[in-house]
Amino acid sequence: MLDNLPRGTICIEDIEIGMTRHLRKVVTDTDIEMFAQVSTDHNPVHLDDDYARDTIFEGRIAHGMLTAGLISAVIGEQLPGHGTIYLGQSLRFLAPVRPGDMVLAEVTVTDMDIRKRRVKMDCRCSVDGKPVLEGEATVLAPSAKFD
C-alpha cells in the first residue's frame, strides 16, 4: 500500500469535521485470488478471463467488497485508526476495478457526536480520478478517556 499518512489512533477528542485520510493500492491478481479464497466468492467474473470477456465488463474485475475493504483499512489504520469499531457502512459501486488498477481510497469526517463517540464519514474510491465507489460509514471512535 502506498500512503503518506501515519497509522495508529486519532481519539475522538482530537477528531475534527473535515479531517481526511487516504491510501493508494494497486489491486493485483493475487489480491483477487486471495479475496476469493477468504470470502468463498469464486464468481468467474473475478477469476476466469474467458468467462469475464463475455460479460458486460469485457474482462475480469475485482470483487466490489475487496475495493470496499480499502475504505475499512483507512478507517481501521488511520482515521480514527486502531480501536475503531464499525457501526454501519453504505456503499454504491459506480464502476469496476480491474487487476492492475491503482485505487485511491479516501474518508472524510462529516459529522460527530463526541459524547457518544460516533463519527460519520464520507467514503470514496477512485481509479485515475474516476469514482468507482462511494458511501458513508458510521464508527465508534476510541477515546483517550477509556483507552
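How many residues does helix H4 have, and how far does the helix reach from its first C-alpha to its last? The points below take up that question and then move through the sheet, for a model that is predicted.

1. Helix H4 covers residues 64-77, which makes 14 residues, and the helix reaches 20 Å from its first C-alpha to its last. That span is close to the 20 Å expected at 1.5 Å a residue. Among the buried residues of H4 are Leu66, Leu70, Val74 and Ile75, and the buried residues of this helix pack against the strands E1, E2, E3, E4 and E5 as well as against helix H1.

2. Helix H1, residues 29-39, has Asp31, Ile32 and Ala36 as buried residues. Seen down the axis of H1, these buried residues fall within an arc of 135°, so they line one face of the helix. On the other side of H1, Met34, Gln37 and Val38 are exposed. What covers the buried residues of H1 includes strand E1, helix H2 (44-47) and helix H4. Just after H1, Thr40 takes a positive phi of about 65°.

3. The strands form an open sheet of five, in the order E1-E3-E4-E5-E2, with antiparallel pairing. Strand E1 (20-26) and strand E2 (85-93) stand at the edges, and because each has a single partner strand, one side of each is left without a neighbour in the sheet. Neighbouring strands of this sheet are turned by 20° against each other on average, if direction is ignored. As background for reading the pairs below, strands of a sheet pair through backbone hydrogen bonds, either parallel or antiparallel.

4. Following the sheet from the E1 edge, E1 pairs with strand E3 (residues 102-113) in the antiparallel sense over seven bridges, and Arg24 has Leu104 in E3 as its bridge partner. E3 in turn is joined by 10 bridges to strand E4 (residues 118-127), again running antiparallel, and here Thr108 stands opposite Asp122 in E4. E3 and E4 form a hairpin with four residues between them, and in the turn Arg117 has a positive phi of about 65°.

5. On its other side in the sheet order, E4 is joined to E5 by 10 bridges, with the two strands running antiparallel. Two bridge pairs can be looked up here: Cys125 has Leu133 in E5 as its partner, while Val127 stands opposite Lys130 in E5. E4 and E5 also form a hairpin, with two residues between them, and Asp128 in that turn has a positive phi of about 50°. At the E2 edge, eight bridges join E2 to E5, which run antiparallel, and Tyr86 has Val139 in E5 as its bridge partner.

6. Leu133 deserves its own paragraph, as a place where several of these elements can be followed together. Leu133 lies in strand E5 (residues 130-140) and is buried, with a relative accessible area of 1%. The C-alpha atoms of Leu133 and Phe93 are separated by 4.6 Å, although these residues are 40 apart along the chain. Beyond residues up to four places away in sequence, Leu133 touches several others, including Gly64, Thr67, Ala68 and Ile71, and also Leu91, Phe93, Cys123 and Cys125. Of these contacts, Thr67, Ala68 and Ile71 appear among the buried residues of H4, and H4 packs its buried residues against E5, as well as against other elements.

7. Why do Cys123 and Cys125 not form a bond with each other? The sulfur of Cys123 is 8.2 Å from the closest cysteine sulfur, the one in Cys125, and this is too far for a bond. The answer from the side of Cys125 agrees, because its closest cysteine sulfur is that of Cys123, at 8.2 Å. A disulfide is a covalent bond between the sulfur atoms of two cysteines. A search of the whole structure finds zero disulfides. Both cysteines are nevertheless buried, Cys123 at 2% relative accessibility and Cys125 with a relative accessible area of 1%.

Notes:
Residues are numbered from 1 along each chain as its sequence is written. This is a predicted model: local features need pLDDT of at least 70, side-chain atom pairs count only at pLDDT 80 or more; totals for chains, interfaces and linings use all residues. Side-chain values use heavy atoms; hydrogens and water are left out. Buried means under 20% relative accessible area, exposed over 50%, partly exposed in between (1.4 Å probe, protein chains only). Contact means heavy atoms within 4.5 Å. Two strands pair if DSSP finds at least two bridges between them. Axes are lines fitted to C-alpha atoms, for helices over the stretch in contact, and angles run from 0 to 180 degrees between N-to-C directions. A disulfide is a pair of cysteine sulfur atoms within 2.5 Å. The expected span of a helix is 1.5 Å times one less than its number of residues. The arc is that of the directions from the helix axis to the C-beta atoms.
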